[in-house]
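Grab a coffee and open the viewer: here are a few exercises to work through. Try each task on your own before reading its solution.

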Amino acid sequence: MAQSPDRLPRRAFLKRAAALGGMAAAGGSVASLLAACGGAATPTSSTAAATAAATKGAASGAAPTVNALLFPIGSNATPNPVTIPDGLSTILLDKNLFAQLVRPDPNTDQPAPDLAKSWEVSQDGLTYTFHLRDAVFHDNTPVTASDVKFTMDLIMAPSTTGGFRTNMGPLKATNVIDDKTVQMVMSAPYGPFLTMLQYNIPVLPEHALAGQDINKPTKFVENPIGAGPYRWKESVQGDHITVTAFDKYWDGAPAIPQVIYEIIADVDTQIAKLKAGELDFVMVEPSQIASIQGTNVQMSYANQTNYYYMGINDQNPLFKDYRVRQAMSMALNRQSMLQDVYLNHGQLIASPIDPTMTWAFDKSLQPWPYDVSQAKALLQQAGCTVKNGVLTSPTGQPYNFKILVDIGNPTRKQFGLIAQQSWQQLGMKPQMDFEEFNNWYTQIGNMKFDTAVEWWITPNDPNAVRGGYDSQNDGTDPQHPNFDDPQTNQLFAQGVAQSTPATRTPIYDKLQARLKQMQPDVFMLFPQEIRGFSSRVHGFGPIGIRDALYYTYRWTLSA
Amino acid sequence: MSRYILSRLVQSVILLFIVALITFALIHAAPGGPGILMSDQKLTAQQMHQIEVALGLTRPLYIQFWDWLVQLAHGNLGIAYTSDLPVTQMIAVRLPATLLLGASALALSLVVAIPVGVITAIKPRSVVDNITSALSFIGVSVPVFWLGLMLIIVFGIQWKVLPAAGMYTEGASVVSTGDILRHLIMPAFVLATAFMAGFSRYVRTSMIDVLSQPYIRTARSKGLSARVVLYRHALRNSMIPLVTMVGLALPLLIGGAAITEQVFAWPGMGQLAVQAAYAHDYPLIMGITIVVAAAVILINLVTDLSYVLIDPRIDLK
């Protein structure tokens with residue numbers, strides 16, 4: 001289905017973690033040390049250290065002692081906040097380097113002030129006026145309205161590759177009113193605008209970037225300047241990136257003096273380092289929870305906009321009839337997915353709109369129940385018959401198809417296997433197809449698949465999933481015109497054009513009901529983000545790590 | 001001799017060309033495009049095409065390959081897609097870590113394997129021989145990632161006598177040699193384990209063979225001490241198979257040990273190679289392949305030349 005903001009980065013991250021892959025690199029300092037490493041003896045007395053550990057009375061359990069937050073990223077991160085060259089790694093780094101106009105509230109995830117201390121939306125929903133607070137970039141130049149205009153123009157420029165341009169919807173122009181006031185003008189009302197603006201849209205210093213090609217700003221990425229709570233210190237290719245507290249940050253100097261992003265591709269190694277007291281954070285799959293728990297680790301489960309689904313190629317004649325998809329949804333043992341695979345850290349969903357979209361999520365809408373006999377009845381209504389032991393479509397095509405899963409991730413493998421067993425109950429003959437990640441991605445992108453285990457991390461607005469299900473959608477996802485339902489298209493179009501949650505909610509209630517009915521994909525569950533922090537970290541809050549990192553400067557480390 | 005070296009060097013260039021050609025063909029035959037095309041959000045087909053044009057991927061393959069060769073002749077391996085950095089620089093930054101790990105592991109394995117091989121060869125099928133044989137088989141067959149994780153759990157997490165992973169303590173104000181050595185112990189041991197086991201078997205076999213040769217009997221009957229016979233006559237002659245084995249193992253010094261580096265978050269070439277493969281970073285894959293291939297060819301040449309020094313009977317023409 002639709003490719004999404006942020007979906008690949010996380011997937012790539014997890015995937016690299018799960019399979020053996022990745023990187024890290026030595027610092028230049030290493031070269032000079034080579035000479036010194038001939039036939040060296042152990043510099044530590046292991047017996048002494050063992051005794052010390054034993055007298056402490058703990059077989060395991062110590063938090064890091066260095067006065068810096070030690071945070072893992074899966075790959076080297078190039079700090080280009082517009083093109084995001086390294087996906088999730090870049091995103092996690094950028095949170096501390098760059099301030100934004102608005103950012104997610106640390107508790108509710110809804111748009112909250114950052115560099116914009118306040119804003120107004122015009123009655124017609126076409127003009128957003130932001131009032132900037134007094135703030136400075138890391139080189140002490142003040143943040144002005146023209147920096148905002150510069151950044152937005154940069155993001156919207158057609159020559160800029162990728163980035164989050166399409167999230168800005170019908171943004172037409174950014175105008176400087178005065179030094180501290182900036183106005184954004186839409187060509188049509190666009191309800192999700194503020195939520196999209198808080199989703200990885202930084203404010204960049206015009207003076208540091210003007211004249212550079214944003215697709216390859218080689219000078220800027222060597223010494224990036226933002227207005228975030230931490231400023232650039234150093235990057236050791238493939239080993240770590242250090243950012244250090246910016247005392248003149250508008251919301252006060254950070255409590256933790258440094259954040260060191262350690263590049264560790266393998267999640268098992270990240271876990272080992274967390275348990276050994278060499279790391280402060282790790283994000284894991286449910287199957288890894290047991291191995292992560294320990295005396296110096298605190299588990300945390302956060303709500304992050306995200307959902308798992310069985311992607312269906314609606315162009316395949318086998319799946320054209322919505323009753324078939326509904327039957328596949330009913331026969332899918334989602335309860336087992338939630339309980340046995342996700343260990344109940346999440347909830348089942350009826351549509352792609354998940355509980356983090358608080359105002360839009362329809363709590364009363366129940367997912368299809370697990371009911372194989374009703375599913376079989378539906379298939380019969382749709383004209384399917386069983387021939388030679390295989391379910392066959394009205395046109396005589398047997399339900400032999402593939403379930404595409406990217407290789408290496410334990411959760412998605414389990415989901416795929418459960419789907420296979422579930423659908424076999426209907427007489428279908430699905431086969432597992434495990435593919436290397438890039439191949440998996442390409443097959444879905446080119447619609448060369450039948451069904452696939454997929455997920456989608458999006459901004460916290462129901463319109464964010466529009467690209468996957470609205471065939472008339474404004475050109476954001478032209479590669480995926482696979483599901484075509486006029487009613488769905490119409491509801492998406494209505495919902496996005498309203499500018500307040502109050503007027504949008506009833507529209508999205510209808511949309512959720514419609515998507516549940518049509519099952520363009522078989523919607524499965526909303527997973528929580530599972531993470532372990534070292535016991536010394538405090539103040540990270542209940543939101544997903546991408547959003548929580550906007551507030552790293554408020555976190556503290558206990559001794 | 002110089003003629004021999006010259007002809008080998010000419011062969012090497014041809015060989016490198018073939019390696020490059022095959023690698024190029026393989027990465028372009030692999031399904032899925034470069035990761036850079038997927039790391040951007042919601043790219044439209046048109047934007048994808050723009051990037052492909054910018055990267056030169058829309059040109060015919062033979063032109064792309066020719067271009068790469070021309071750049072190579074200028075000592076330029078291109079710019080990696082994933083980092084916007086020159087490939088040569090990325091390799092140069094990681095090479096020291098890999099050399100440190102590989103050299104330590106190799107040194108450790110030889111220091112253990114040669115004495116063990118000699119001792120077990122002197123008294124074959126003795127208790128010592130049987131025990132070391134069993135250990136060797138375990139050493140060869142234990143999976144590297146498992147051994148690595150077990151060591152991390154025991155020494156890094158349970159006993160806390162060694163750092164769990166990484167190359168040095170992050171956040172320390174000064175990077176000390178001692179700190180790096182502490183981080184080096186476990187990965188070097190893991191990497192050395194398999195070498196150690198294999199090498200000691202080769203030394204043992206070759207030593208048993210040499211000890212049964214007539215010239216050893218002659219040396220003994222001349223009244224030379226057992227020690228002199230063993231070290232002066234037997235050991236040197238039994239080294240040739242070991243030199244071959246070490247020569248074959250040496251490319252790891254440059255190419256990196258992907259799994260060991262992975263498990264211990266060791267910032268070396270092996271990790272870089274895996275990263276490049278996952279991201280389908282064509283220039284990086286080509287760069288690493290050609291550098292490692294050149295190293296392998298060169299090391300093999302040096303290995304062949306070293307036979308002459310060890311065994312005067314060998315004459316390279």
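**Exercise 1: How far to trust the model**

The mean pLDDT of chain A is 86, and 87% of its residues reach 70 or more. Bear in mind that this is a predicted model. Task: find where in chain A the pLDDT is below 50.

Solution. Colour chain A by pLDDT and go to residues 1–60, where the value is below 50. Next, look at what this stretch touches: beyond near neighbours in sequence, it has 148 contacts in the model.

**Exercise 2: A mixed sheet**

Task: work out the strand order of the open sheet in chain A whose pairing is mixed, and name its edge strands.

Solution. Start with the order: the 4 strands run 1-10-9-8 in chain A. Now check the ends, where strand 1 (69–73) and strand 8 (230–236) of chain A each pair on one side only. From one strand to the next, the twist averages 20°.

Then zoom in on one pair. Strand 9 (residues 240–245) and strand 10 (residues 258–263) of chain A run antiparallel and are joined by 5 bridges. Within this pair, A:Thr242 is found opposite A:Ile260 of strand 10.

**Exercise 3: An antiparallel sheet and a helix**

Task: for the open sheet of chain A with the order 4-5-7-6, explain why one side of each edge strand has no neighbour in the sheet.

Solution. First, note that the pairing among these 4 strands is antiparallel. The edges are strand 4 (116–121) and strand 6 (171–178) of chain A; each has a single partner strand, so one of its sides is left without a neighbour in the sheet. Direction ignored, neighbouring strands are turned by 20° against each other on average.

Moving inward, strand 5 (residues 127–132) and strand 7 (residues 181–186) of chain A share 5 bridges and run antiparallel. Here A:His131 faces A:Thr181 in strand 7.

Finally, add the helix. Helix 5 (residues 145–156) of chain A lies across strand 5, strand 6 and strand 7, at about 165° to strand 6.

**Exercise 4: The nonpolar core**

Task: which residues have the most contacts inside the largest nonpolar core?

Solution. Select the core, which has 234 residues; A:Val259, A:Ala327 and B:Ile288 have the most contacts inside it. Then ask which element gives the most: helix 8 (residues 177–211) of chain B, with 20 residues. In soluble globular proteins, nonpolar side chains tend to be buried together.

To finish, list the neighbours of A:Ala327. Leaving out residues up to four places away in sequence, A:Ala327 touches A:Ala375, A:Leu378, A:Leu379 and A:Leu426.

Key: Residues are numbered from 1 along each chain as its sequence is written. Chains are lettered from A and ligands numbered from 1 in the order in which they are written. This is a predicted model: local features need pLDDT of at least 70, side-chain atom pairs count only at pLDDT 80 or more; totals for chains, interfaces and linings use all residues. Two strands pair if DSSP finds at least two bridges between them. Helices (H or I, at least four residues) and strands (E, at least two) are DSSP runs, numbered from the N terminus. Axes are lines fitted to C-alpha atoms, for helices over the stretch in contact, and angles run from 0 to 180 degrees between N-to-C directions. pLDDT is the predictor's confidence in each residue, from 0 to 100. Two residues are in contact if their C-beta atoms, placed from the backbone, lie within 7 Å. A nonpolar core is a set of buried Ala, Val, Leu, Ile, Met, Phe, Trp, Tyr and Cys residues joined through C-beta atoms within 7 Å. A residue is buried if 20 or more other C-beta atoms lie within 10 Å of its own, exposed if 12 or fewer, and partly exposed in between; C-beta atoms are placed from the backbone.
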